[in-house]
Amino acid sequence: MQYIAYLREQAATYHALAQRWLKVHKPEKAQECEDLADTCEQAAEEIEDHAPAG
């Protein structure tokens, strides 16, 4: 499903942003990005779990 792919792409983007924030010594911003990534991943999993088969 395209929503799942989109959410997983967003999660990957937020993970990458978190790494960049860590490089410039901004752990609070990195944590915000990691939290957003986690939210995207959880949403994708919930959609997958509730999607009709087929």
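**Legends to close-up views of a two-helix chain**

At 67% relative accessibility, His25 counts as exposed. The model shown in these views is a predicted one.

**View 1. His25 lies in the loop that joins α1 and α2****.** His25 is classed as exposed because its relative accessibility, 67%, is over the 50% cut-off. The phi angle of His25 is near 60 degrees, a positive value in a residue other than glycine. Most residues other than glycine have a negative phi. The elements on either side of this loop that also contribute to the nonpolar core span residues 2-23 for α1 and 27-50 for α2.

**View 2. The whole protein chain contains two helices and zero strands****.** Along the principal axes, the C-alpha atoms fill a box of roughly 45 × 15 × 10 Å. The radius of gyration of the protein chain is 13 Å, whereas a compact globule of 54 residues would have a value near 10 Å. Of the 54 residues, 17% count as buried. The protein chain exposes about 4,300 Å², and carbon and sulfur atoms supply 54% of this area. Among contacts between residues at least 6 apart in sequence, 58% join residues at least 24 apart. The protein chain carries 5 positive and 11 negative charges, and the mean positions of these two sets are 13 Å apart.

**View 3. The largest nonpolar core consists of six residues****.** Its members are Ile4, Leu7, Ala11, Ala37, Cys40 and Ala44. Helices α1 (2-23) and α2 (27-50) are the elements that give two or more residues to this core. Two of the core members, Ile4 and Ala44, are treated in the views that follow.

**View 4. Ala44, a member of the core, is found in helix α2****.** Ala44 counts as buried because its relative accessibility is 0%, under the 20% cut-off. When neighbours within four places in sequence are left aside, Ala44 is in contact with Ile4, Leu7 and Arg8. Of these partners, Ile4 and Leu7 also belong to the core. The pair Ala44 and Arg8 is separated by 36 residues in sequence, yet the C-alpha to C-alpha distance is 6.8 Å.

**View 5. Ile4 has its place in helix α1****.** With a relative accessibility of 8%, Ile4 falls under the 20% cut-off and therefore counts as buried. Residues up to four places away in sequence not being counted, Ile4 touches Ala44, Ile47 and Glu48. The contact with Ala44 joins two members of the nonpolar core. Ile4 and Glu45 are 41 residues apart along the chain, and their C-alpha atoms are separated by 7.8 Å.

**View 6. Ala16 is found in helix α1 and is paired here with Ala37****.** Ala16 has a relative accessibility of 41%, between the 20% and 50% cut-offs, and so counts as partly exposed. The C-alpha atoms of Ala16 and Ala37 are 9.6 Å apart in space, while the two residues are 21 apart in sequence. Ala37 is one of the six residues of the largest nonpolar core.

Key: Residues numbered from 1 in each chain as written. Predicted model: local features only at pLDDT ≥ 70, side-chain atom pairs only at ≥ 80, totals over all residues. Heavy atoms only, no water. Core = buried A, V, L, I, M, F, W, Y, C linked by side-chain atoms within 4.5 Å. Buried < 20%, exposed > 50% of the residue type's maximum accessible area, 1.4 Å probe, protein only. Helix = DSSP H or I, 4+ residues; strand = E, 2+ residues; numbered from the N terminus. Contact = heavy atoms within 4.5 Å. Rg over C-alpha atoms; globule rule 2.2 N^0.38 Å. Areas by Shrake-Rupley, 256 points an atom, 1.4 Å probe, with all protein chains shown as cover. Lys, Arg positive; Asp, Glu negative; His and termini not counted. Charge placed at Lys NZ, Arg CZ, Asp CG, Glu CD.
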